[in-house]
Amino acid sequence: MNRGRSLFAGTLACAILTLAFGGAVIAQEPASIKVGYAISKTGPNAGGANVTQIPNYQLWVKEVNDKGGLMLKSIGKRVKIEVIEYDDRSNSEEAVRAVERLVTQDKVDLLFPPWGTGLNLAVGPVFNKYGYPQLAFSAVTDRAPDLAKRWPNSFWFLGTSKQYVDALVDLLSQMRKDGKINDSIAMVSIADGFGIDLSKAAREGFEKAKFKLAYDKSYPIGTQDLSPLLGEAQRSGADTFVAFSYPPDTIALTDQAKVASFAPKVMFLGVGVGFPLYPQRFGENIEGIMSLGGWQAGNRGTAEYRAKHKAMHNRDPDYWGSQVGYASLQMLEQAIERVGKIDRPAIIKELQTGTFDTVLGKIKLENNMPVKAFPLIGQWQKGFYTGVAPAGPGMAAVVVPKPAWKQ
Amino acid sequence: MKPVLALAAAAIAVAFLAAVPLYADAYQLSLAITLMNYTVLATAWSLFSGPTRYVSLATVAFFGIGAYTVAVLAERMAWPYILLIALAVGLAVALVVGLSTLRLSGVYFVIFTFGLAELIRQIVTWYEVNVTRTLGRYVFVDIDAADIYWQLLGLAVLAFAAGVLIRRSRLGLALRVIGDDETVARHIGINTTFAKVALFALSASFMTLCGAVMAPRWTYIDPAIAFNPVVSFQVLIMALLGGVHRLYGPLFGVVPLVLLFEFLLARFPNHFSILVGLAFMLIVYAIPQGIVGFAERIARGKRGAA
Amino acid sequence: MFVAAVASGLVLGGMYALIAMGLTLQYGVARIMNLAHGELMIAAAFAAFWLFTSAAVNPLVGLLLVVPAAFAVSWAIYRLLLTPLVARAPNRDALEVDSILATFGMLFVIQGVMLAMFGGAYYSYSFLAFPVNIAGATVAANRLLALGFAAAIGLGLYLYLTRTRLGTAVRAVAVDPNSAPLVAIDVRATAALAFAFGGALVAAGGVLISMFLTFNANIGVVFTMKALIVVIMGGVGNLLGCLVAGLILGLVETFVATWIDPGLTLAATYAIFLVILLVRPQGLFGTASR
């Protein structure tokens, strides 16, 4: 070994280490509640995180701080929220490390979840290990009930694929009974966690309801041309077209279906139909298109939420996850104020058992998941993305068939 | 005398590193795992690419094979068997890539390896979607962060040991000749095929094991996570930046870059991209020969002056 | 059905060729492996989007603004940032390594600027999204336009490079930058010109694909990868090869999607790429130069 060389290297390493760790020490205000989150600001997840999640965090924090902070009974005053945010670069390993950093270095009082099923699962063990409530509202997985058992601190607001599929199947069965559609369905799904989980549940659900799957294929992420799939779906003679797709594909499917004049009686597409971009991009042509989520026209809470969201971010929220995410933050706020201090086990307990007032109405969780709290299937009707299933009060009647495309 | 000293120094360093989990908190350990992970990958990468100058983007193919094998087999058999199976799969693919070097060189080899990694990801995805009907596997095994760290440290030690032994062997000499001029190497009777394939297989083995060891970190693994092409690029950049003409070169790319990324991500989460890009360009322009080359030049300069 | 598959295959292939042409010129002549390629393309897409939505500039007119701007910017990048690397590189391999590292940095900078300006959300707009009927197959007008551009640029530049004096100079630099000065070719100026021209093509591609693809600030790397595959498959620096390789990939993708399984489209394109490379190690139209 050469001493000069290793001495230099050592100094360099030390300097950089000091820089990195020194950076972690952030001035502490004793009178603040620290909330931390690591979310995908860059990488493939950023598109979703930027629409559904980050705006909600910013909105909620601003509102709470405008009120003077969270009311902590134990000290008898309001305490403002301080935010520490990191970028997980859409990468599991980075996400795990960032959350560990938030817990052990920044010593945050609360954590917000990352975006997407994969990352919420990746950070699950860390949230669990340190006992932070994890209010995941951008993850759909059939494992949700198991996960809630394994990690009692985790809450799965969007529920399981089966819930969505059951609602969709009920809707389609009714249409078939009314003679509005035939019993054949064409389905495509993206070859990623979301598409596969939902298409698997759908396959079982359709079969049980005696629907015929005339076309059933997956396509890889990054597919730039979906016209062959649409061609096959069109030729299959199915009246119902179901796609469990991601935002760029959802837009491409709509666009290419329009070009091919393929207007199935029921057109159900995946993530992105509820994005503000969608009506901007397709104007009147969105009429009759169905997807996940949905809003209730008569619900004043969500209408107010939408106005606040628009005022702060200058765009509409996502009509699937956004309102649920905001409701989850309201629940967290109420749980903390009821407990009256940052006592995480008590907050988790309160979330599990309490009843909460949210923009969606009263919510009480069962097995760490909301039940019938919000629409599962929605449809664009006269410029409003309205909830149409599961059947219940406040749901609009579904419109079939979808009108022909206006070129 | 000198080698003994170096060996002793290395032993002390390893002992020191092995003690990290005993006093580090979760975050520091986690950072140490990232450092160790990239150290293994970049060192393994330069085992082959350093002397032969074949630039490979297949790193994540092997890393992913390792990680995915664990995802498939976790909870089904004992850990050492899983590692062996991962290794076998990795070796089989390594032979294909190794043999492709018989026909391809330069940038054609670079993109070939990239294409191969993507092909593997596509095939795994298709298989999961259409055959097993589940994409995204859950890994619930009883291996904690400290275990992962120690296993990575073990791999790093093995990788360095392998590097030292190869450099001293006939194989190492053969590879250096290949790197200078492959035609000459063939003319003077070096079995270039064997040398290249053997070394590539060795390098790939380390990457595969590294992926397998890392898998329990994530709970949830799907092909997009396991075969993330960013890993290949990051390893390549780290190794090139450190300098591949020394065995310990990549280490000097890994440590500053991982820390730089970490620092910028934490302090400037909203301007990470711009800053990391600028830092990167600064390094490239200011330190042309890689960090080790730069350090060596300074050391030489000092000695000359003294 | 066959006609439909061929039509969409050609249109898709045209897009692949289009996104790769700039890169093949930059890499083939100037020897810069430009990893920031996709980011520049998305920057052009954002420029077109911005012109269209806030200034109501037709993207085709936007092309006339964006392409010369990209030419100037690329020329400046080459002169200011890449010339020092070219000057200090002792050989071609060293330049390749340096250019990979430098453009990797650029990738992040450009991406970061776009993130700061537009955030991470998706963008898309509607332009020329009406159906066109060709021999019984329906394709979108905007995608057809991209194919038309790709074919025109590919053939036009191919003829230009093989039939004109400046084109010959460019090829001479591509083949042997060390001997080119012997016949009075200014290597640096020619390389800068080729790099700038490549940048202009990249921007043209970006504007054209913005008419039909949904993009965000993070998506550039997807196009860089695709472009690298097309460039290598066609043979480095060969525009005709680029066009043919792009069309082959497009056709393979649609044929597999139509008759085998859409889940295997990308697997099939990578497999074809690997096989072609093993059979022709220098790409379809490449010459064995080393």
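**Group meeting: chains B and C**

Okay, so let's start where the two chains meet: 36 residues of chain C and 34 residues of chain B make the contact, where contact says that two C-beta atoms, placed from the backbone, lie within 7 Å. Which helix supplies the largest share of chain C's side? That's H4(C), with 16 residues. By class, chain C's side has 27 nonpolar, five polar and four charged residues. Here Ala, Val, Leu, Ile, Met, Phe, Trp, Tyr, Cys and Pro count as nonpolar, Asp, Glu, Lys and Arg as charged, and the others, Gly among them, as polar.

Quick housekeeping: this is a predicted model, local features need pLDDT of at least 70, side-chain atom pairs count only at pLDDT 80 or more, and totals for chains, interfaces and linings use all residues. Residues are numbered from 1 along each chain as its sequence is written, with chains lettered from A and ligands numbered from 1 in the order in which they are written.

Now chain B. We've got 15 helices and two strands there, taken as DSSP runs numbered from the N terminus (helices are H or I, at least four residues; strands are E, at least two). The chain is divided into domain 1 (13–228) and domain 2 (229–306), with bounds from an automatic or database domain assignment. Their centres, over C-alpha atoms, are 21 Å apart. Where they touch, 25 residues of domain 1 of chain B meet 20 residues of domain 2 of chain B. On the domain 1 side, H3(B) gives the most, twelve residues, and by class that side has 14 nonpolar, nine polar and two charged residues.

On to the core. The largest nonpolar core has 356 residues, and Leu152(B), Cys210(B), Ala44(C) and Val230(C) touch the most other members. Such a core is a set of buried Ala, Val, Leu, Ile, Met, Phe, Trp, Tyr and Cys residues joined through C-beta atoms within 7 Å. Buried is 20 or more other C-beta atoms within 10 Å of a residue's own, exposed is 12 or fewer, and partly exposed is in between, again with C-beta atoms placed from the backbone. Helix H1 (residues 2–30) of chain C gives this core the most, 18 residues. Both domains of chain B join in, with at least three residues from each.

Zoom in on Leu152(B): leaving out residues up to four places away in sequence, Leu152(B) touches Ile33(B), Met36(B), Asn37(B), Val40(B), Cys210(B) and Val213(B).

Last one: 54% of chain B's 306 residues count as buried.
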